[in-house]
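Student: I am new to this structure and would like a close look at a single part of it. Please pick one strand and explain how the rest is arranged around it.

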Amino acid sequence: MARIKYYYDTESCRYERIRVSVWDIIWNALGFLTLALILAGGIFLVYTIYFESPEEALLRKENEELKLYYDLLSKEIGDLNEMTASLQERDDNIYRTIFGVDQIPDEIRNAGFGGSNRYKNLIDKGLEQEEIILDNYKKIDQLKKRMYVQTKSYDELFEMARNKELELASLPAIQPVSNEDLKRLTSGFGYRIDPILKVRKPHNGVDFAIDKGTPVYATGNGRVKFTRSSPTGYGNQIEIDHGFGYTTKYAHLSEFVVKTGENVKRGDLIAYSGNSGKSTAPHLHYEVHINNKPTNPVHYFYEDLTPDEFEEVLRLASIENQALGSYGD
């Protein structure tokens, strides 16, 4: 049974019964529904703002993980770029300086990789995170290009180092005879008195005053260019081609130990000294040529001499005296 409601009428000073019309009920219902909808909307809005659905929570977690791995990957790429830059710096400022070759230009090291269509397939896929993905691909491709250039540079340096090792082994870097007391070097490079003509003439090598039959050694790795016997000039002589523009000549020999075309190493016995050709006394005449031009052999006697001994040999070789052989045939 519905409850009956009354109100106090001040004019009649008595309670009157409240009568509710159908429209009042309708309007009250509409007002209630409106308020309920507002409250429900507010609650939903608050929930959506401050609370996540399971799907949203999962997506948020995935995005956080992706960002974490993206940051880690970017850091790794940055570290690799720093390492590559360090290798490039050592390559340009140390290794290439040692071998006396030009640095690799920056435009080659940092040149673009591929072309504008290189990433077309990725762009055509319409990826959600296209910008981030393309950025990483470009960084990785640039790093790969720099590493490729550096690898080729190391290949070039390795070849130069190998050639330099061969060149160092081929240099005529020792004296051709045993000369421990430094007294056997009697005539140096430059103008000397010809022992027969008695005039100053160019002396293209150095003379070692030694007994006949003294062992003569190759001063560097090389190939015997020829052995030649003659009653005049250099007499019995050997010439060795060391490669890299270097040749050495050993003259006034008494006996050959090697043959034309034979490969020799530094320190190998190649002949015995003598007094053949235009020679006034038993000795060895020794020459060093670079690109067919005679040069002072003393400057290469660094392998078997101390600094003080080298200075003494330079002093002895600088004395302008008479040579032991004549080459004016």
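Tutor: What follows is an account of one strand, its partners and the core they share.

This is a predicted model, in which local features need pLDDT of at least 70 and side-chain atom pairs count only at pLDDT 80 or more, while totals for chains, interfaces and linings use all residues. Residues are numbered from 1 along each chain as its sequence is written, and side-chain values use heavy atoms, with hydrogens and water left out.

The protein chain has six helices and 14 strands; these are DSSP runs numbered from the N terminus, with at least four residues for a helix (H or I) and at least two for a strand (E). Of its 329 residues, 30% are buried. Here buried means under 20% relative accessible area, exposed means over 50%, and partly exposed lies in between (1.4 Å probe, protein chains only). Contact means heavy atoms within 4.5 Å. Among contacts between residues at least 6 apart in sequence, 65% join residues at least 24 apart.

The strand to look at is S13, residues 283–290. Seven of its eight residues are buried, so S13 is largely enclosed by the rest of the structure. Two strands are said to pair if DSSP finds at least two bridges between them. S13 pairs with S10 in the antiparallel sense over six bridges, and in this pairing Ala-251 stands opposite His-285. With S6, S13 also pairs in the antiparallel sense, over four bridges; there, Ala-209 has His-283 as its bridge partner. A further antiparallel partner is S14 (residues 293–295), joined to S13 by three bridges. One of the facing pairs is His-289 with Pro-294. S13 and S14 form a hairpin with two residues between them, and Asn-291 in that turn has a positive phi of about 50 degrees.

S13 is also one of the elements that supply at least two residues each to the largest nonpolar core; the others are strands S6, S9, S10 and S12 and helix H6. A nonpolar core is a set of buried Ala, Val, Leu, Ile, Met, Phe, Trp, Tyr and Cys residues joined through side-chain atoms within 4.5 Å. This core has 29 residues, and those with the most contacts inside it are Phe-208, Ile-238, Tyr-250, Ile-270 and Leu-284. In soluble globular proteins, nonpolar side chains tend to be buried together. Beyond four places in sequence, the contacts of Ile-238 include Val-224, Phe-226, Tyr-250, Leu-253 and Ile-270.

Next to Ile-238 in the numbering, Gln-237 lies in strand S9. Gln-237 is buried, at 6% relative accessibility. Leaving out residues up to four places away, Gln-237 touches Phe-226, Tyr-250 and Ala-251, among others.

S10, the strand with six bridges to S13, holds His-252. His-252 is buried, with a relative accessible area of 0%. The phi of His-252 is near 65 degrees, a positive value in a residue other than glycine. Most residues other than glycine have a negative phi. Phe-244, in the loop between S9 and S10, also has a positive phi, near 55 degrees. Unlike buried His-252, Phe-244 is partly exposed, at 42%.

S9 also takes part in a salt bridge, meaning a side-chain nitrogen of Lys or Arg within 4 Å of a carboxyl oxygen of Asp or Glu. Lys-225 forms one with Glu-239, the closest N and O atoms being 3.5 Å apart. Lys-225 is in strand S8 (residues 222–228) and Glu-239 in S9, so the pair ties together parts that are 14 residues apart in sequence. Glu-239 is buried at 11%, while Lys-225 is partly exposed at 37%.

Helix H6, which supplies at least two core residues, carries a salt bridge between Arg-315 and Glu-312, with closest N and O atoms 2.8 Å apart. Being three residues apart in H6, Arg-315 and Glu-312 are separated by about one helical turn. Both are partly exposed, Arg-315 at 44% and Glu-312 at 28%.
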